[in-house]
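Please open the structure in your viewer and keep the selection panel at hand. We will go from stop to stop, choosing a few residues each time and reading what is there.

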Amino acid sequence: MPTENAVRPGLENYQLDHAYDEMFAGPGDLHGHYRPLMDHFSSLPREELRRKKQAADLSFLNQGITFTVYGRNEGTERIFPYDLLPRVITAREWDRVEQGLKQRITALNLFLKDIYNEGRILKDGIVPREIVYSCKQFRRHMIGLNVPRNVYIAVVGTDLIRLENGEFVVLEDNLRVPSGVSYMLTNRRVMKRMFPQMFSRYNVRPIEQYTQLLLGTLRSLAPEGRPEPNIVLLSPGVFNSAYYEHAYLARQMGIELVEGRDLTTHDNIVYMRTTSGLRQVDVIYRRVDDDFIDPLSFRPDSMLGVAGLFNAYRAGNVTLANAFGTGVADDKAIYAYVPSIIKYYLGEDQILNNVKTYLMSEKKERDHVLQNLDTMVVKAVGESGGYGMLIGPQSTAAQREEFANKIQADPRNYIAQPTITFSRAPCLINDGFEARHVDLRPYVLYGSDKVSIVPGGLTRVALTKGSLVVNSSQGGGSKDTWVLSE
């Protein structure tokens, strides 16, 4: 127990272990960038902290900031859990993260362009052809297609964790329709309302410019000859778990929020229905998965998409962000090859390392994992949100047997990683401060002329004591992320 607990109210139950702690460098040794924060929070009466927490929860409720839990009978809509204590990242730490993310998105964009065109990386055997072509997200429709501005992935959410030595590493990439950025922006707005004086004391770098950076990125990707492009955000509708985010981003950017039924195609041009007639659409920021976006090209039973949209895209008359088929690059099996992808296209070593990953399609690696399931995390390559996953140390013998059978039945669908004790950050739990595991999802924007990253991202928190699962659908929450200017 840190010796500073004796002089800091609320830290009596704060425990350190072998995980990297965001606040403490060691027993009784606060990281310097956390000291002013804890001085302030420790001095606040418990009643005032409770009042601020209730005010924050009420703010989330009034704004309709909820998430959906699928497959639960007791009700699906819940307020997004929020922790008042921000996570603090130094300028030096952030510089490395930013450089690594820019490197990664640049290489992955080149990878997508290559595999859908010349396929050099496949011919050279750097990435196995069968790994790419067996990916459920690989779209043969995209082969040989000229993507506007050669940008496949305009918006990326990359999940980072800290290892026990404090190093940031990449846990996974989210390149299809990454979500959560509205929570990042709302967390900041709530924190400014709750603790306005702290921002001036800390010199926290702003993130409010994200929506304008996103708008600028989308504009830069418009087809040639569209100086004032008409941009829309395509949502699956009000029953989607991220609908609040769709509405929020459209409102902040000043663009139309549309559903598939609001759009139509004619002569390979996309139009939006308005009260004054049809209006051509130039750029679509889509939050609808490939499978459901065009019933003529993908799933014919989809009611969410726009018939003929892919043909309009192929004709170059409309830009989609992100492009079709980008999911192949966030397949968890492809993830294992990202270091080689960076080296191949950029001639550089990766700045942000990967987590050691075992491919179940490789017999030697599969046998090793099957013999050590109790120490491994097993993931389905195409799942997200904490679903389709086994955490070995927290699993039962029956669960391990079930996953062993799944792996043997469909090896390509699974990867495994060693169980990693990623970093913990201080959280306000009841009336005191306790450590909980956290990750970080920064949001990267790749336009036709530059890469933009707002400083910080969405820090997700495993609020359940001892849990390593940060997803909101699995009991996780979030907190504001402060990147310092110096």
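The tour below visits a sheet, a pair of helices and some aromatic rings, in a model that is predicted.

**Stop one: the sheet**

Begin by selecting the strands S9, S8, S13 and S14, which in that order make up an open sheet of four strands with parallel pairing. Strand S9 (256–258) and strand S14 (319–321) stand at the edges, and because each has a single partner strand, one side of each is left without a neighbour in the sheet. If you look along the sheet, you can follow its twist, which averages 30° from one strand to the next.

Now narrow the selection to strand S8 (residues 231–234) and strand S13 (residues 283–286), which pair in the parallel sense over four bridges. One residue to pick out here is Ile231, whose bridge partner in S13 is Val283.

**Stop two: the helices**

Add helix H9 (residues 243–253) to the view, and you will find that H9 lies across S8, S9 and S13, running at about 150° to S9. Next, select helix H8 (residues 210–220) as well: the axes of H8 and H9 come within 9 Å and cross at roughly 80°, which means that H8 is roughly perpendicular to H9.

Which residues in H8 and H9 meet? On the H8 side, show Tyr210, Thr211, Gln212, Leu214, Leu215 and Leu218, and on the H9 side, show Leu249, Gln252 and Met253. Sorted by class, this contact of H8 with H9 has six nonpolar residues, three polar ones and no charged ones.

**Stop three: the aromatic rings**

The structure holds 17 aromatic pairs, and we will look at some of them. Select Phe41 and Phe195, which form a tilted pair, with 4.9 Å centre to centre and 45° between the planes. Phe41 lies in helix H1 (residues 35–43), while Phe195 lies in the loop between helix H6 (181–194) and helix H7 (196–202), so the pair ties together parts that are 154 residues apart in sequence. Both Phe41 and Phe195 are buried.

Then move to Tyr116 and Phe138, an aromatic pair that is stacked, with 5.0 Å centre to centre and 15° between the planes. Tyr116 sits in the loop between helix H3 (91–115) and helix H4 (120–123), and Phe138 in the loop between helix H5 (129–133) and strand S6 (155–162), 22 residues apart.

Are Tyr116 and Phe138 buried or exposed? Tyr116 is buried, with a relative accessible area of 0%, and Phe138 counts as buried at 7% relative accessibility. Finally, add Tyr133 and Tyr152 to the selection, since Tyr116, Tyr133, Phe138 and Tyr152 form one aromatic cluster.

Definitions and conventions:
Residues numbered from 1 in each chain as written. Predicted model: local features only at pLDDT ≥ 70, side-chain atom pairs only at ≥ 80, totals over all residues. Heavy atoms only, no water. Axes fitted to C-alpha atoms, helices over the stretch in contact; angles between N-to-C directions. Helix = DSSP H or I, 4+ residues; strand = E, 2+ residues; numbered from the N terminus. Parallel < 35°, antiparallel > 145°, perpendicular 65-115°, else oblique. Contact = heavy atoms within 4.5 Å. Nonpolar A, V, L, I, M, F, W, Y, C, P; charged D, E, K, R; others polar. Pairing = 2+ DSSP bridges. Phe/Tyr/Trp six-rings, centres within 6.5 Å; stacked < 30°, edge-to-face > 60°. Buried < 20%, exposed > 50% of the residue type's maximum accessible area, 1.4 Å probe, protein only.
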